[in-house]
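Student: I am new to this structure and should like to understand how its parts fit together. May we go through it by question and answer?

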Amino acid sequence: MPGDMILESREVSKSFGELTAVDSVDYQLREGESAGIIGPNGAGKTTFFNILTGLFPPNSGTILFRGRNVTKMSADQRVRMGMVRTFQLVSVFDTLPVLDNLILAVVRADTKNRNVIRFILGSSHTSQMEKVCMDTLEMVGIADKSRVLTSDLSYGDKRKLEIALALALKPRVLLLDEPLAGLSDPEIADIMELMNSLKDRLTLVIIEHKISQLTGLVSRLSVMHEGRLITEGDPDDILRDPVVRRVYWGEDDSSDDT
Ligand SMILES: Nc1ncnc2c1ncn2[C@@H]1O[C@H](COP(=O)(O)OP(=O)(O)O)[C@@H](O)[C@H]1O
Ligand SMILES: [Mg+2]
């Protein structure tokens, strides 16, 4: 139900040797919400996503997804429950057409089918799956590139494929780690439009450095600093918060126009 708690972390911590990358983070996300996480480089944002999605376990703390404790569940199990992050395109085959990569990703995510990939790709199931995948490419705006080799896509279209790969897994919650990074202004406008269309259908959590873009997209911003969630709230209020301005831009409280 919209408004119900969908994803929650309780006192989650993760250390790498001496470094505490994520430090006792309590985080809550409600179904239907679009939320942003910001913070300087090295704040622990990506590590927090990795823990939420099950790439590695926390040293301590609990992750709840739709009320279930998923802390010990694998990343694949969480994907099947509907918690999906955008893939980095390193996990696709550059020399395959866009559509084939999408079909493979869907098959791969379903462990029951893992041993029969070859069978499925040669069977009548293919046309069904092909249709679903084509619909997904349509949704992100690259249906006309379905036969193009993945390596030949523009940077912006690759980002759309990354999002398509996640959408094809039918997420309830989609987690995006810096979806605008490295894109040109027109490409950013494109991805923003796509994310705006997604936010009406999905629960979104977005880590992003381009804060000015994020404020129009999300209803809540959380700020991470040195592994901790230091504050959260309405995006405009958060950006006016002197503590946030200091950690994020190194602004001095006493400074006037510098
Ligand atoms: N696999 C890892 N091994 C060791 N240190 C890591 C690892 N991943 C991240 N770190 C460290 O944890 C801290 C937080 O990193 P990260 O979560 O990537 O921050 P952010 O995404 O906010 O930039 C950084 O100091 C980083 O160097
Ligand atoms: Mg990061």
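Student: Among contacts in the protein chain with a separation of 6 or more, what percentage is accounted for by residues 24 or more positions apart?

Tutor: The model is a predicted one. Contacts in the chain with a separation of 6 or more are considered here, and those between residues 24 or more positions apart are counted as a share of them. That share is 66%.

Student: How many helices and how many strands does the protein chain hold, and what percentage of its residues is buried?

Tutor: The chain contains 10 helices and 10 strands. A residue counts as buried under 20% relative accessible area. Of the 258 residues in the chain, the buried portion is 47%.

Student: What is the average pLDDT of the protein chain, and over which residues does pLDDT stay under 50?

Tutor: The average over the protein chain is 89, and 89% of the residues score at least 70. One stretch stays under 50, and the model has 0 contacts for it beyond four places in sequence. That stretch is residues 254-258.

Student: Are the faces of strand 7 buried or exposed?

Tutor: Strand 7 spans residues 173-177, and 5 of its 5 residues are buried. In a regular strand the side chains alternate between the two faces of the sheet. On one side of strand 7 are Val-173, Leu-175 and Asp-177, and on the other are Leu-174 and Leu-176. Both faces are therefore described by one word under the 20% cut-off: buried.

Student: Which residue in strand 8 is the bridge partner of Leu-176?

Tutor: Strand 7 pairs in the parallel sense with strand 6 (residues 83-85) over 3 bridges, and Met-83 stands opposite Val-173 there. Strand 7 is also joined to strand 8 (residues 203-207) by 5 bridges, again with the strands running parallel. In strand 8, the partner of Leu-176 is Ile-206.

Student: Through which helix does the chain cross from strand 7 to strand 8?

Tutor: The path from strand 7 to strand 8 forms a β-α-β crossover, and this crossover is right-handed. The helix on the path covers residues 185-198. It is helix 7.

Student: Why is strand 3 described as largely enclosed by the rest of the structure?

Tutor: Strand 3 spans residues 34-38. Ser-34, Gly-36 and Ile-38 on one side are buried, as are Ala-35 and Ile-37 on the other. The strand is largely enclosed because the number of its residues that are buried is 5 of 5.

Student: Which residue of strand 9 is the bridge partner of Gly-36?

Tutor: Strand 3 pairs with strand 8 in the parallel sense over 4 bridges, with Ala-35 and Val-205 as bridge partners. Strand 3 also pairs with strand 9 (residues 220-225), in the parallel sense and over 4 bridges. In strand 9, the partner of Gly-36 is Leu-221.

Student: How many aromatic pairs does the structure hold, and how far apart in sequence are the parts tied together by Phe-16 and Phe-56?

Tutor: There are 2 aromatic pairs. Phe-16 and Phe-56 form an edge-to-face pair, with 5.9 Å centre to centre and 90° between the planes. Phe-16 lies in strand 1 (residues 5-16) and Phe-56 in the loop between helix 1 (45-53) and strand 4 (60-65), so the separation of the parts in sequence is 40 residues.

Student: Why does the pair of Tyr-27 and Phe-48 count as edge-to-face?

Tutor: Tyr-27 lies in strand 2 (residues 19-30) and Phe-48 in helix 1, and both residues are buried. The ring centres are 5.8 Å apart. Planes over 60 degrees apart count as edge-to-face, so the deciding value is the angle of the planes, 85°.

Student: How many of the residues of helix 1 are buried, and which residue just after helix 1 takes a positive phi?

Tutor: In helix 1, 8 of the 9 residues are buried, so the helix is largely enclosed by the rest of the structure. Among them are Phe-48, Phe-49, Ile-51 and Leu-52. A positive phi of about 90° follows just after the helix, at Gly-54.

Student: Is Ser-146 buried or exposed?

Tutor: Ser-146 is placed in the loop between helix 5 (125-140) and helix 6 (155-167). Beyond its neighbours within four places in sequence, Ser-146 is in contact with Pro-97, Val-98, Leu-99, Met-134 and Leu-137. The relative accessible area of Ser-146 is 9%, so the residue counts as buried.

Technical notes: Residues are numbered from 1 along each chain as its sequence is written. Chains are lettered from A and ligands numbered from 1 in the order in which they are written. This is a predicted model: local features need pLDDT of at least 70, side-chain atom pairs count only at pLDDT 80 or more; totals for chains, interfaces and linings use all residues. Side-chain values use heavy atoms; hydrogens and water are left out. Buried means under 20% relative accessible area, exposed over 50%, partly exposed in between (1.4 Å probe, protein chains only). Helices (H or I, at least four residues) and strands (E, at least two) are DSSP runs, numbered from the N terminus. Two strands pair if DSSP finds at least two bridges between them. A crossover is right-handed if, with the strands pointing away from the viewer, the path from the first strand over the helix to the second runs clockwise. Rings of Phe, Tyr and Trp (its six-membered ring) pair if their centres lie within 6.5 Å; planes under 30 degrees apart count as stacked, over 60 as edge-to-face and the rest as tilted. pLDDT is the predictor's confidence in each residue, from 0 to 100. Contact means heavy atoms within 4.5 Å.
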